[in-house]
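Reader: I would like to go through this entry with you, asking at each step what a given term rests on. Could we begin once the sequence and the structure are in view?

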Amino acid sequence: MMRIGYGFDSHAFKAGVPLVIGGLAIEHPEGLAGHSDGDVLLHAITDALLGAVSAGDIGTFFPPSDPRWKGAASSVFLKTALEEVATAGYKIVNIDTVLVMAQPKIVPIAGELRESVAALLGVEPGEVGIKAKTPEGLNQDHVAVAHATVLLESLAISEPVGVMAATADADDEINDVVKTLVGESRDVSALGRKVTPFDTDDLT
Ligand code: MG
């Protein structure tokens, strides 16, 4: 079984704060304003991961009203989303992203960004797409925007339980065990559980 997730975020540029995108410190005169470190890319990826397992969004777990997350590294948010994905019984297949900003230019650092994001997600760089656009015609030259999509696959399929299921055709007893195991892994899934209503005015 597979799941897809999508995330979006935007932050305004602001003088006097460091620029961090995809967990990478980038040399630039301005950073991104936000309650946390303003890492627009990690916020979009976090929302994509949470959305893929129907676990709400970044504001569900980290309300901007909570002083604990002031200046927080956004890798903390990402880690929580990864835990939700694992709890739901899924793992990442691949992730694709688009960054939209006039400055700084992303292409020269896209390789570094890809490695940074892959390391934070615990996947191979080849499983992460980083694409960049400039905001032509949008009149948004002082804003950073990020979009992210993620594809997940069920651990029950990719792990040994899935292998057993595929090879146990001739053995009803093993089939029953596998069915029970797969059923149990679905029972502990976080999918479809109730999450508290979240404030869509996300300032993280
Ligand atoms: Mg944000």
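Author: One term is needed at the outset: pLDDT is the predictor's confidence in each residue, on a scale from 0 to 100. It applies here because this is a predicted model, and over residues 183-189 the pLDDT stays under 50.

Reader: What makes you careful about residues 183-189, and which other stretch has a pLDDT under 50?

Author: For residues 183-189 the model has 4 contacts beyond four places in sequence, and residues 196-201, where pLDDT also stays under 50, have 6 such contacts. Where pLDDT is low, the predicted coordinates should not be read in detail. The protein chain as a whole averages a pLDDT of 85, with 76% of the residues scoring at least 70.

Reader: What is the overall make-up of the protein chain in helices and strands?

Author: The secondary structure comes to 7 helices and 7 strands, and read along the sequence these follow the pattern β-β-β-β-α-α-α-β-α-β-β-α-α-α. Of the contacts with a separation of 6 or more, 74% are made by residues 24 or more positions apart, and buried residues make up 44% of the 204 residues.

Reader: Which atoms are called donors of the magnesium ion, and at what distances?

Author: The ion is coordinated by Asp9 through OD, His11 through NE2 and His43 through ND1, at 2.1 to 2.3 Å. A donor has to be an N, O or S atom within 2.8 Å of this metal, so these atoms qualify, although the site may look incomplete since water is not among the atoms. Along the chain the donors follow the spacing D-x1-H-x31-H, and both Asp9 and His11 are buried.

Reader: How do you know that strand S1 pairs with S7, and what stands opposite Asp9?

Author: Two strands pair if at least two bridges are found between them, and S1 (residues 2-15) and S7 have 11 in the antiparallel sense, so the term applies. Within this pairing, Asp9 stands opposite Ala146 in S7. S1 is also joined to strand S4 (residues 30-32) by 3 bridges, again antiparallel, and there the bridge partner of Ala15 is Glu30 in S4.

Reader: How do you know that H1 has the length expected of a helix?

Author: At 1.5 Å a residue, the 13 residues of H1 should span 18 Å, and because its end C-alpha atoms are 18 Å apart, the expectation and the model agree. H1 is mostly covered, with 12 of its 13 residues buried, among them His43, Ile45 and Leu49. After H1 comes Ser54, whose phi is positive, near 50°.

Reader: Which residues have the most contacts inside the largest nonpolar core, and which elements supply it?

Author: This core has 40 residues, and those with the most contacts inside it are Ile45, Leu49 and Leu121. At least two residues each come from strands S2, S3, S5, S6 and S7 and from helices H1, H3 and H4, and H1 gives the largest share, 9 residues. Apart from this core lies another, of 5 residues, including Ile58, Phe62, Ala72 and Phe77.

Reader: What does Leu121 touch, and how does H4 fit its surroundings?

Author: Not counting residues up to four places away in sequence, Leu121 touches Ile45, Leu49, Leu78, Leu82, Ile92, Ile95 and Val128. Leu121 is one of the buried residues of H4, together with Leu113, Ser116, Val117 and Ala118, and these pack against S2, S3, H1, H3, S5 and S6. The 12 residues of H4 should span 16 Å at 1.5 Å a residue, and its end C-alpha atoms are 16 Å apart, so the helix agrees with expectation. H4 is followed by Gly122, with a positive phi near 75°.

Reader: Why is Thr80 called buried, and is Pro67 buried or exposed?

Author: Buried means under 20% relative accessible area, and Thr80 has 18%, so the word applies. Thr80 lies in helix H3 and touches Phe61 and Phe62, not counting residues up to four places away in sequence. Pro67, in the loop between helix H2 (58-61) and H3, has a relative accessible area of 65%, and because exposed means over 50%, Pro67 is exposed. Pro67 and His35 are 32 residues apart in sequence and 8.7 Å apart in space, C-alpha to C-alpha.

Methods
Residues numbered from 1 in each chain as written. Predicted model: local features only at pLDDT ≥ 70, side-chain atom pairs only at ≥ 80, totals over all residues. Heavy atoms only, no water. Donors = N, O, S within 2.8 Å, 3.2 Å for Na, K, Ca; no water. Buried < 20%, exposed > 50% of the residue type's maximum accessible area, 1.4 Å probe, protein only. Contact = heavy atoms within 4.5 Å. Core = buried A, V, L, I, M, F, W, Y, C linked by side-chain atoms within 4.5 Å. Helix = DSSP H or I, 4+ residues; strand = E, 2+ residues; numbered from the N terminus. Expected span 1.5 Å × (residues − 1).
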